Amino acid sequence: MSLDKFRFNLLRSVSMKLLRFEHVNQVCQNLEATRQFYQTLFPDWKVRAKGDDWIHFGDDQFYLSLSQSGSGIRRSTGHIDHLGFVIDDSDKMRAILDANDIEYFTMYDSPETKCRIYISDPDGTAIELVEYTEAYAMR
């Protein structure tokens, strides 16, 4: 048996499964302004943990790990284009955005979605808020 085939078989025999996607670590310029922005979008989110220059902000399944820029943590060289969140009511979300003077644009051209709303957070991170149709199985 070749070494590559041995490694493949070994990896397959000890495989594990991903349990869930837990968090995204986002560096921000103003920790409180960024937290307040996401609190506006998701009023049920809470601070799950905090330190001097970071907070974990989200719900029981997912959170944003927000850290103040210049905090000395390791910086990645990669770039994430946007964060996507599934919402249950795009009309209510647009009302929240309008009431808080948050600029957005919408798209309705995807067959599996009722609406996609695009915004940017205070640090310029692009956010997609998507409401899927009732018929879409992966919603």
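This passage describes the strand pairing around β7 and the surroundings of two helical residues in a predicted model.

Strand β7, which spans residues 113-120, has 6 of its 8 residues buried and is therefore largely enclosed by the rest of the structure. On one side of the pairing, strand β6 (residues 105-107) runs antiparallel to β7 and is joined to it by 3 bridges, with a hairpin of 5 residues leading from β6 to β7. Strand β8 (residues 126-132) is likewise antiparallel to β7, to which 7 bridges join it; 5 residues lie between these two strands in their hairpin, where Gly124 adopts a positive phi near 90°. Arg116 of β7 has a partner in each of the two pairings, since it stands opposite Met107 and is also the bridge partner of Val130 in β8.

Gln39 is located in helix α2, which covers residues 31-41, and is classed as buried because its relative accessible area of 19% falls under the 20% limit. A polar atom of the Gln39 side chain lies 3.2 Å from the backbone oxygen of Trp45. When neighbours within four places in sequence are left aside, the residues in contact with Gln39 are Asp44, Trp45 and Phe57.

Asp91, in helix α3 (residues 90-99), counts as partly exposed because its relative accessibility of 43% lies between the 20% and 50% limits. Although Asp91 and Glu131 are separated by 40 residues in sequence, the distance between their C-alpha atoms is 9.6 Å.

Technical notes: Residues numbered from 1 in each chain as written. Predicted model: local features only at pLDDT ≥ 70, side-chain atom pairs only at ≥ 80, totals over all residues. Heavy atoms only, no water. Helix = DSSP H or I, 4+ residues; strand = E, 2+ residues; numbered from the N terminus. Buried < 20%, exposed > 50% of the residue type's maximum accessible area, 1.4 Å probe, protein only. Polar contact = N/O pair within 3.5 Å; in protein donor to acceptor, adjacent residues only side chain to side chain. Contact = heavy atoms within 4.5 Å. Pairing = 2+ DSSP bridges.
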